[in-house]
Amino acid sequence: MRTQVAIVGAGPAGLMLSHLLHLRGVESVVIDLRSRADIEETIKAGVLEQGTVDLMTRTGLGDRMQRDGFVHHGINLAFNGGIHRIDMHDLTGGRAVTVYAQHEVLKDLIAARLAAGGDLRFGISDTAVEGLDGDRPVVRFTHEGRREEIECDFVAGCDGSRTYTRFLIPEGEIRTDFFRQYPFAWFGILAEAPPSSDELIYAHSDRGFALISTRSPSVQRLYFQCDPEANPDDWSEAQIWDEIQQRVAGAGATIKTGTIFQKAILQFRSFVCEPMQYGRLFLAGDAAHTVPPTGAKGLNLAVADVHVLDRALGAFYEAKDTGLLESYSRTVLRRVWRAQHFSWWMTSMLHRFSGATDFDLRRQIAELEMVTGSSSAARTLAENYVGLPLT
Ligand code: PHB
């Protein structure tokens with residue numbers, strides 16, 4: 001088999017890259033270890049930056065998002081006995097976020113690729129990549145019991161945080177990993193319940209952080225900070241609702257409860273690998289970087305990476321220009337580090353750290369007062385939350 005770009009991983013980065021390349025007439029094959037059903041059903045985050053929304057709309061992926069997604073013009077910060085709204089729309093000159101679940105984006109991408117005759121191979125195993133330092137790399141894998149081989153010009157490593165492709169970049173001499181672990185996690189639930197708020201609530205409290213998000217008029221997504229070792233089965237429905245309620249009660253919010261149909265613990269890590277390119281291999285999305293979920297940046301960063309990679313590959317195929325490919329890693333890492341900072345900032349402003357003293361809590365409240373009381377501080381949060389423009 002021969003293609004132009006072999007894409008390892010059918011998540012947001014890999015599928016969006018394949019879609020964008022197709023629109024400019026560049027061929028790709030996408031492979032993934034998981035089944036299509038697994039990819040389309042795994043619950044992840046659900047906030048799309050304005051740039052992601054615009055790109056989806058511009059490239060023909062906007063129909064279901066426009067119908068089923070919810071445009072949010074603001075977010076709420078709950079702390080110290082009150083709820084304070086950040087009007088992102090006003091503060092950013094009309095930008096907003098859209099709440100639309102990641103697995104719905106993936107369904108849209110898979111449908112678009114298949115409708116266009118795209119080559120997607122699910123449920124593959126034993127991936128091996130060779131020849132990255134030449135100009136004809138090869139990707140080998142097993143699919144439906146047969147050993148397959150793709151010869152290509154480029155390999156895109158889009159295989160998420162459990163990546164294989166990142167490790168093809170030799171550690172030490174070429175690759176450096178930057179890593180931070182947080183001493184807490186999020187307990188996430190999906191519940192059949194009406195929304196408790198028109199817009200998301202990020203809550204700071206003495207008991208720790210809570211986030212009230214949504215999925216639809218009848219399904220809500222809520223999270224609360226927990227011990228990374230917590231076991232979801234140890235928590236009854238009543239205990240979960242009680243814990244969330246207690247974390248927002250001080251600010252005057254009331255949570256509407258319902259049947260919880262999904263519970264999971266989300267680990268908290270910040271991670272970046274540099275560089276994101278090695279020979280003919282280009283990493284994108286979680287294969288190269290992970291952010292804590294507080295800033296809702298994960299999917300959006302993956303999309304921003306492949307937006308740059310698509311243009312760089314376009315310049316190569318259309319004009320034999322390798323300049324954008326050479327600067328790919330440097331270009332995308334600037335945005336990655338901005339998002340790392342933002343996610344770390346939101347996380348540290350809103351969570352309770354073990355060993356935190358009353359001094360630390362009061363300092364956090366002062367910071368939240370600055371963010372909600374000063375229009376320039378609020379604008380900083382809003383600009384980053386709705387997302388920097390795609391470069
Ligand atoms: C979500 O709805 O899953 C969500 C929203 C905002 C975040 C993280 C996750 O910051």
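This is a chat about the domains, ring pairs, salt bridges and backbone details of a predicted model.

Colleague: What domains does the assignment give for the chain?
Modeller: The domain assignment splits the chain into domain 1, made of 5-46, 101-175 and 275-346, and domain 2, made of 182-268 and 354-386. Taken over C-alpha atoms, the centres of domain 1 and domain 2 are separated by 31 Å.

Colleague: And how many residues does the contact take from domain 1 and domain 2?
Modeller: Domain 1 puts 15 residues into the contact, and domain 2 puts in 15 residues. The area buried between the two domains is about 1300 Å², with 66% of that given by carbon and sulfur atoms.

Colleague: Which residues in domain 1 lose the most area to domain 2?
Modeller: Those are Ile43, Pro293 and Trp345, which together account for 37% of what the domain 1 side buries. By class, the side of domain 1 that touches domain 2 holds nine nonpolar, three polar and three charged residues.

Colleague: How many salt bridges are there between domain 1 and domain 2?
Modeller: The count between these two domains is zero, although five residue pairs are found in polar contact across the interface, with both residues of each pair at pLDDT 80 or more.

Colleague: Switching topic, how many aromatic pairs does the whole structure have?
Modeller: A search of the whole structure finds 20 aromatic pairs. One of them joins Phe154 and Phe316, whose ring centres are 5.0 Å apart and whose planes stand at 90°, so the pair is edge-to-face.

Colleague: Where do Phe154 and Phe316 lie?
Modeller: Phe154 lies in strand 12 (residues 154-157) and Phe316 in helix 8 (residues 298-319), so this pair ties together parts that are 162 residues apart in sequence.

Colleague: Back to charges, how many salt bridges does the count come to?
Modeller: The count comes to 26 salt bridges. Among them is the one where the side chains of Arg2 and Asp153 meet, at 2.7 Å from N to O. Arg2 is in the segment before strand 1 (5-8), while Asp153 is in the loop between strand 11 (146-151) and strand 12, so the pair ties together parts that are 151 residues apart in sequence.

Colleague: And the backbone: is the peptide bond from Glu274 to Pro275 cis or trans?
Modeller: That bond is cis, with omega near -10°, and Pro275 sits in the loop between strand 17 (259-274) and strand 18 (277-278).

Colleague: What about phi at Asn80?
Modeller: Asn80 has a positive phi of about 50° although it is not a glycine. Its place is in the loop between strand 5 (74-79) and strand 6 (82-87).

How values were computed:
Residues numbered from 1 in each chain as written. Predicted model: local features only at pLDDT ≥ 70, side-chain atom pairs only at ≥ 80, totals over all residues. Heavy atoms only, no water. Domains from an automatic or database assignment. Contact = heavy atoms within 4.5 Å. Buried area = accessible area lost by both parts, 1.4 Å probe. Salt bridge = Lys/Arg side-chain N within 4 Å of Asp/Glu carboxyl O. Polar contact = N/O pair within 3.5 Å; in protein donor to acceptor, adjacent residues only side chain to side chain. Nonpolar A, V, L, I, M, F, W, Y, C, P; charged D, E, K, R; others polar. Phe/Tyr/Trp six-rings, centres within 6.5 Å; stacked < 30°, edge-to-face > 60°. Helix = DSSP H or I, 4+ residues; strand = E, 2+ residues; numbered from the N terminus.
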